[in-house]
Amino acid sequence: MSAIATSGRTSSPGSAPSGRRRSKLGWNVLGLLVFVTAGFPVYWMLNTAFKPAKDAIDPDPSLFPTGLTLDNFRRALDISDFWGPVGRSLIVSLSVVVIGIVVGMLAALAISRFAFRGRKIVIVGILAVQMVPLVAMIIPVFLLLNDLGQYDKLTGLIITYLTFILPFTVWTLRGFIVNIPKELEEAAMVDGCSRTSAFIRVVFPLLAPGLVATSVYGFIQAWNEYLYALMLMSQKNQTATVWLGNFTTLHGTEYAPMMAGATMMAVPIVALFLIVQRKMAAGLTAGAVKG
């Protein structure tokens, strides 16, 4: 009996590493499936962008390209003006990010650091605005911009984008500011700093990763928005996302040039992410833990 018990005790430690390896293998397989599911549309976009146009409409498409060509990119640039819509999209997206970050940071600072009457109502209002579907506001926004003389103007589109990007910016930055201890500001003020100086010298550097993460999100939202840009802007002032609609005509859709255009549109987003990826990774995790 003692030998059997000893054998049972000695076998259990060996089974624990084996169980951990199986668990790790299972998580790795799950992660691989998620990566393939999320990455396959991007791969297919690139595959279609570089393959000959006739292969893009083949009823039996090949998973891997049989030939590479740049004709689709030339066709995408020739079908209509490309740099104009891209330039307008950059102006709108960068303006939304700059204004949203400045206003959102000040609003988040006020909500998280100051106690004032109606503070809870403001917080609930921010959450309520985010719950409203964007489609439900198209007609009111159109009528309002038309009355203000901002229809078919970039300023009107910027104001419209701020209405649904600002609430997210305020709520996200509030989470980052709350996680920065008040004692750091108080210590700086004891050393002679004013409240503004304490914020600039102490809070702002710690808030930088959160600002980067929020800015990237706002830029992507403004850059990829399609519905409002289609409804509020004319053909001559169209943005990059609406520009992609030029590939759908009465004769059908030119899939290969459209995917080439989508690839060119993705370049600014990818470049921005590569530049700020370290700060963004830190920002996405900074607000997750209560400091």
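How many helices and strands are there in the protein chain? There are 12 helices and two strands. This is a predicted model, and I will keep that in view throughout.

Let me start with the order of elements. Along the sequence, the pattern reads α-α-α-α-α-α-α-α-α-α-α-β-β-α. In other words, the two strands come one after the other, with a helix following them.

Next, the overall numbers. The protein chain has 291 residues, and 35% of them count as buried. Among contacts with a separation of 6 or more, 73% are between residues 24 or more positions apart. The exposed area of the protein chain is about 17500 Å², with carbon and sulfur atoms supplying 70% of it.

Now, confidence. The average pLDDT of the protein chain is 82, and 88% of the residues reach at least 70. Residues 1-9 stay under 50, and the model gives them zero contacts beyond four places in sequence. At the other end, residues 287-291 are also below 50, but that stretch has seven contacts beyond near neighbours in sequence. Where pLDDT is low, the predicted coordinates should not be read in detail.

On to the aromatic side chains. The whole structure contains 11 aromatic pairs. One of them joins F142 and Y151: the ring centres are 5.2 Å apart and the planes stand at 80°, over the 60 degrees required, so the pair is edge-to-face. F142 has 30% relative accessibility and Y151 has 31%; both lie between the 20% and 50% limits, so both count as partly exposed.

A second pair is F164 with Y228. Here the centres are 6.2 Å apart and the angle between the planes is 35°, which makes the pair tilted. F164 belongs to helix α7, residues 154-178, while Y228 belongs to helix α10, residues 227-232. The two are 64 residues apart, and the pair links distant parts of the chain. Are F164 and Y228 buried or exposed? Both are buried.

There is also an aromatic cluster, made up of F40, Y43 and W44. W44 has a further neighbour: K51 lies over the face of its ring, 4.9 Å from the ring centre. A similar arrangement involves W171, where the charged end of R174 sits over the ring at 5.2 Å from the centre.

To recap: 12 helices and two strands, an average pLDDT of 82, and two ends with stretches below 50. For the rings, the pairs I went through were F142 with Y151, edge-to-face, and F164 with Y228, tilted. That is the end of my part.

How values were computed
Residues are numbered from 1 along each chain as its sequence is written. Side-chain values use heavy atoms; hydrogens and water are left out. Helices (H or I, at least four residues) and strands (E, at least two) are DSSP runs, numbered from the N terminus. Buried means under 20% relative accessible area, exposed over 50%, partly exposed in between (1.4 Å probe, protein chains only). Contact means heavy atoms within 4.5 Å. Accessible areas come from the Shrake-Rupley method with a 1.4 Å probe; for residues, only the protein chains shown count as cover. pLDDT is the predictor's confidence in each residue, from 0 to 100. Rings of Phe, Tyr and Trp (its six-membered ring) pair if their centres lie within 6.5 Å; planes under 30 degrees apart count as stacked, over 60 as edge-to-face and the rest as tilted. A charge sits over a ring if NZ of Lys or CZ of Arg is within 6 Å of the ring centre and within 35 degrees of the ring normal.
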